[in-house]
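Trainee: I have a new model to go through today. Could we look at it together, one question at a time?

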Amino acid sequence: MIEDILPAGIRFAEAFDDSEAPDWFPEEEALVARAVEKRRREFATVRRLARTALGSLGVPKVPLLPGKRGAPQWPDGIVGSMTHCAGYRGAVATRGCDFASVGIDAEPHERLPQGVMDAVSLPEERERLAAWPALAAGVFADRLLFSAKESVFKTWYPLTGRELGFDEASITFTCETAVSGGFGARLLVPGPEVGGHRVDRFTGRWTARRGLVLTAITLPAVRIPARAAQDDTVRQSAEDLVRREP
């Protein structure tokens with residue numbers, strides 16, 4: 001399901017239950033030793049899936065422990081994201097040379113509890129959603145917005161190590177079909193620097209099927225165009241020559 005909203009180059013694995021036996025490291029199991037069985041199983045499943053995604057990149061199995069804010073600590077040179085909710089577990093991974101950050105989120109496709117929408121949205125977002133045609137197609141736009149903001153945070157946090165409030169990004173959705181489309185997240189605070197460039201907007205995709213809402217953001221790594229890199233090399237060689245002259 002998640003492959004429908006991911007670009008090429010992102011490896012993924014997903015499951016819709018916890019039927020497979022746990023495949024985890026002792027240090028992972030110790031983190032949830034006192035948790036209820038449901039929490040233990042979803043914790044184990046999403047890490048098994050993450051290792052499957054990593055394995056497709058040729059990365060050996062390693063413990064995937066949470067760091068600050070619960071963000072997974074990925075192997076060097078890898079960026080990734082995990083998510084789980086009732087009826088879904090998923091993980092994505094890719095190489096940091098290709099993507100600077102990724103963020104995914106899954107939610108049950110149902111309305112948010114009363115009062116939550118006002119707490120997680122901006123007035124401008126509520127106005128846009130009120131006129132959004134996807135509402136007529138049965139998409140619970142409030143839940144979709146919440147999921148998109150979670151994906152924004154998961155993309156933002158590894159780049160900055162800082163919190164990002166629900167009111168610090170403004171999201172606009174587009175509809176391609178009745179159950180899928182794209183979205184843009186305009187950051188209302190100074191964005192992270194990626195490759196020497198300030199990022200002030202994330203873009204992502206969404207889908208709503210099988211009783212679930214999934215969102216994903218993939219932020220490409222900034223690369224110097226080949227011609228620019230060549231020009232930099234020539235410029236550096238000239239500067240070195242000047243320094244060597246008596």
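**The sheet and its partners**

Trainee: How many bridges join strand 9 to strand 10?

Mentor: Start with the naming: helices (H or I, at least four residues) and strands (E, at least two) are DSSP runs, numbered from the N terminus. Two strands pair if DSSP finds at least two bridges between them. Strand 9 and strand 10 run antiparallel, and Arg 209 stands opposite Leu 212 in strand 10. The number of bridges joining strand 9 to strand 10 is six.

Trainee: Before we go on, what pLDDT do local features need here?

Mentor: Residues are numbered from 1 along each chain as its sequence is written, and side-chain values use heavy atoms, leaving out hydrogens and water. This is a predicted model, in which totals for chains, interfaces and linings use all residues, side-chain atom pairs count only at pLDDT 80 or more, and local features need pLDDT of at least 70.

Trainee: In what order do the five strands of the open sheet lie?

Mentor: Look for the edges: strand 4 (99-108) and strand 5 each pair on one side only. Moving inward from strand 5, eight antiparallel bridges join strand 5 to strand 6, and seven join strand 6 to strand 9, also antiparallel. The pairing in this open sheet is antiparallel, and the order is 4-10-9-6-5.

Trainee: How many residues lie between strand 5 and strand 6 in their hairpin?

Mentor: Thr 177 stands opposite Ser 180 in strand 6, a good place to start looking. Strand 5 and strand 6 form a hairpin, and the number of residues between them is two.

**Helix 5 and the cores**

Trainee: How many of the 20 residues of helix 5 are buried?

Mentor: Here buried means under 20% relative accessible area, exposed over 50%, and partly exposed in between (1.4 Å probe, protein chains only). Contact means heavy atoms within 4.5 Å, and helix 5 packs on the sheet, touching strand 4, strand 5, strand 6, strand 9 and strand 10. Helix 5 is largely enclosed by the rest of the structure, because the number of its 20 residues that are buried is 16.

Trainee: How far apart are the end C-alpha atoms of helix 5?

Mentor: The expected span of a helix is 1.5 Å times one less than its number of residues. For helix 5 (residues 141-160), that calls for 28 Å, and it agrees with the distance between the end C-alpha atoms, 28 Å.

Trainee: Which helix supplies the largest share of the largest nonpolar core?

Mentor: A nonpolar core is a set of buried Ala, Val, Leu, Ile, Met, Phe, Trp, Tyr and Cys residues joined through side-chain atoms within 4.5 Å. The largest one has 31 residues, and those with the most contacts inside it are Trp 132, Val 152, Ile 171, Phe 173, Phe 202 and Trp 206. Among the elements that each supply at least two residues of this core are helix 3 (116-120), strand 5 (169-177) and strand 6 (180-187). The largest share, nine residues, comes from helix 5.

Trainee: Which residues of the second, separate core can you name?

Mentor: In soluble globular proteins, nonpolar side chains tend to be buried together. This second core has 16 residues, and they include Leu 6, Val 102, Ala 106 and Leu 214.

**Single residues**

Trainee: Is Thr 218 buried or exposed?

Mentor: Thr 218 lies in strand 10 (residues 212-220). Leaving aside neighbours within four places in sequence, its contacts include Leu 6, Pro 7, Phe 99 and Val 102. Its relative accessible area is 18%, so Thr 218 is buried.

Trainee: What is the phi of Arg 210?

Mentor: Most residues other than glycine have a negative phi. Arg 210 sits in the loop between strand 9 and strand 10 and is exposed, with a relative accessible area of 58%. Although Arg 210 is not a glycine, its phi is positive, at about 55°.

Trainee: How far apart in space are Glu 168 and Leu 188, C-alpha to C-alpha?

Mentor: Glu 168 is in the loop between helix 5 and strand 5, partly exposed with a relative accessible area of 24%. Not counting residues up to four places away in sequence, Glu 168 touches Glu 163, Arg 186, Leu 187, Leu 188 and Val 189. Glu 168 and Leu 188 are 20 residues apart in sequence, and their C-alpha distance is 4.9 Å.

Conventions:
Axes are lines fitted to C-alpha atoms, for helices over the stretch in contact, and angles run from 0 to 180 degrees between N-to-C directions.
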